[in-house]
Amino acid sequence: MLTAVRELQIPLLAVMLLGGCAAKGWRVLRARSIAPAMVPAGLLPLRLRRPFMIAMCATEFALGLGLIATVAQIGTADPGMAATIVRAGTALFFLIAVGALNETRQRRPQAGCGCFGEFSDTPIGWRTIARAGVLCSAAAATIGLPPLQMPSSSTTAELWLAVLAFELSLIAFLSPEVGEILVRLGYSEPCELRRLPVGRTLATLHSSSAWRRYAGQVTAAAPADVWREGCWRFVVYPGSSRGRRVDIVFAVYLQARRPPIRAAVLDADTDEILGRPELVSLSLARRL
């Protein structure tokens with residue numbers, strides 16, 4: 001059983017390292033700046049924070065790939081020098097993380113660890129430090145381990161699965177990020193608070209059947225007015241219908257995918273509704 005526990009640490013550590021690197025990278029790409037990802041470097045001088053974060057992400061990536069690349073060496077009983085160096089380096093990486101997390105907790109108690117990007121904004125607690133300690137021990141346990149082999153029997157495979165389930169449960173318990181992910185999955189942002197760019201609303205409108213129905217009456221390339229009321233964004237285009245000047249009002253629901261779209265045609269001078277009064281609230285049209 002001890003051998004099975006040690007063997008499982010290698011893929012588990014590789015996933016943790018590559019996952020942490022990917023989460024930080026995704027945060028940088030979303031913000032188009034490395035600044036939001038520099039939380040773990042908060043104790044360093046400003047001039048050193050950027051190089052430190054780049055070096056840390058590169059180290060995570062290199063160690064994760066190294067663990068995978070040295071996981072098996074066909075025809076040998078010795079793990080090899082490369083595997084020993086990578087596994088020892090991984091243990092050292094997490095040992096340094098334990099000290100850095102503890103120091104950050106004391107000097108910046110409100111700061112998150114930034115281990116997994118935006119999911120790690122919770123202030124550092126004992127669980128985060130303990131997780132780094134567990135991963136350090138896991139990495140140390142892999143040093144000197146022979147090349148991994150597939151389970152030789154169903155009993156061994158079941159043992160692997162049991163050990164994996166236990167360790168994943170332990171890491172989940174020690175990871176504040178799990179709670180943050182569950183909150184985000186179960187949280188539905190009120191439509192009144194959604195932030196959708198006007199350009200995206202216009203693009204959605206121009207590809208809709210409502211736009212195709214009234215495009216022949218629109219007389220301007222740009223809308224005359226755009227405003228928001230609650231969960232709806234209203235877009236007004238000047239138009240012409242049967243020789244009369246009209247305002248064509250579109251109401252686009254603030255939803256990322258396939259939003260409902262309503263439309264109405266109003267006389268430009270009297271605000272009289274001429275056709276298809278589909279607006280959510282016709283009283284809003286009086287704003288024109």
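**Exercise 1. Contacts of a core residue**

Leaving aside its neighbours within four places in sequence, with which residues is F93 in contact?

*Solution.* The structure is a predicted model. Once the neighbours within four places in sequence are set aside, the contacts of F93 are L17, M56, T59, E60 and L63.

**Exercise 2. The nonpolar cores**

Determine which members of the largest nonpolar core touch the most other members, and which helices supply the core.

*Solution.*
Step 1. The largest nonpolar core holds 25 residues, and those touching the most other members are L13, L17, L67, F93, F94 and L135.
Step 2. At least two residues of this core come from each of α1 (2-31), α2 (46-69), α3 (80-107) and α4.
Step 3. Helix α1 provides the largest share, 8 residues.
Step 4. A separate second core contains 15 residues, including L202, L205, V246 and I248.
Step 5. As a general background, nonpolar side chains in soluble globular proteins tend to be buried together.

**Exercise 3. The environment of an arginine**

Locate R131 in the secondary structure, and establish whether R131 is buried or exposed.

*Solution.*
Step 1. Residues 126-142 make up helix α4, and R131 is found in this helix.
Step 2. The relative accessible area of R131 is 4%. Buried means under 20%, so R131 is buried.
Step 3. Beyond its neighbours within four places in sequence, R131 is in contact with M16, C113, C115, F116, I171, L174, S175, P176 and E177.

**Exercise 4. Aromatic pairs around F250**

Classify the pairs that F250 forms with W211 and with Y214, and state which parts of the chain each pair joins.

*Solution.*
Step 1. The whole structure contains 8 aromatic pairs.
Step 2. For W211 and F250, the ring centres are 5.7 Å apart and the planes stand at 45°, which gives a tilted pair.
Step 3. W211 belongs to helix α8 (residues 209-214) and F250 to strand β3 (residues 244-253), so this pair ties together parts 39 residues apart in sequence.
Step 4. W211 counts as buried because its relative accessibility is 15%; F250, at 0%, likewise counts as buried.
Step 5. For Y214 and F250, the centre-to-centre value is 6.1 Å and the angle between the planes is 75°, an edge-to-face pair.
Step 6. This second pair links distant parts of the chain, Y214 in helix α8 and F250 in strand β3, 36 residues apart.
Step 7. Both Y214 and F250 are buried.
Step 8. Ring pairs join W211, Y214, Y237 and F250 into a cluster.

Note on methods
Residues numbered from 1 in each chain as written. Predicted model: local features only at pLDDT ≥ 70, side-chain atom pairs only at ≥ 80, totals over all residues. Heavy atoms only, no water. Helix = DSSP H or I, 4+ residues; strand = E, 2+ residues; numbered from the N terminus. Buried < 20%, exposed > 50% of the residue type's maximum accessible area, 1.4 Å probe, protein only. Contact = heavy atoms within 4.5 Å. Core = buried A, V, L, I, M, F, W, Y, C linked by side-chain atoms within 4.5 Å. Phe/Tyr/Trp six-rings, centres within 6.5 Å; stacked < 30°, edge-to-face > 60°.
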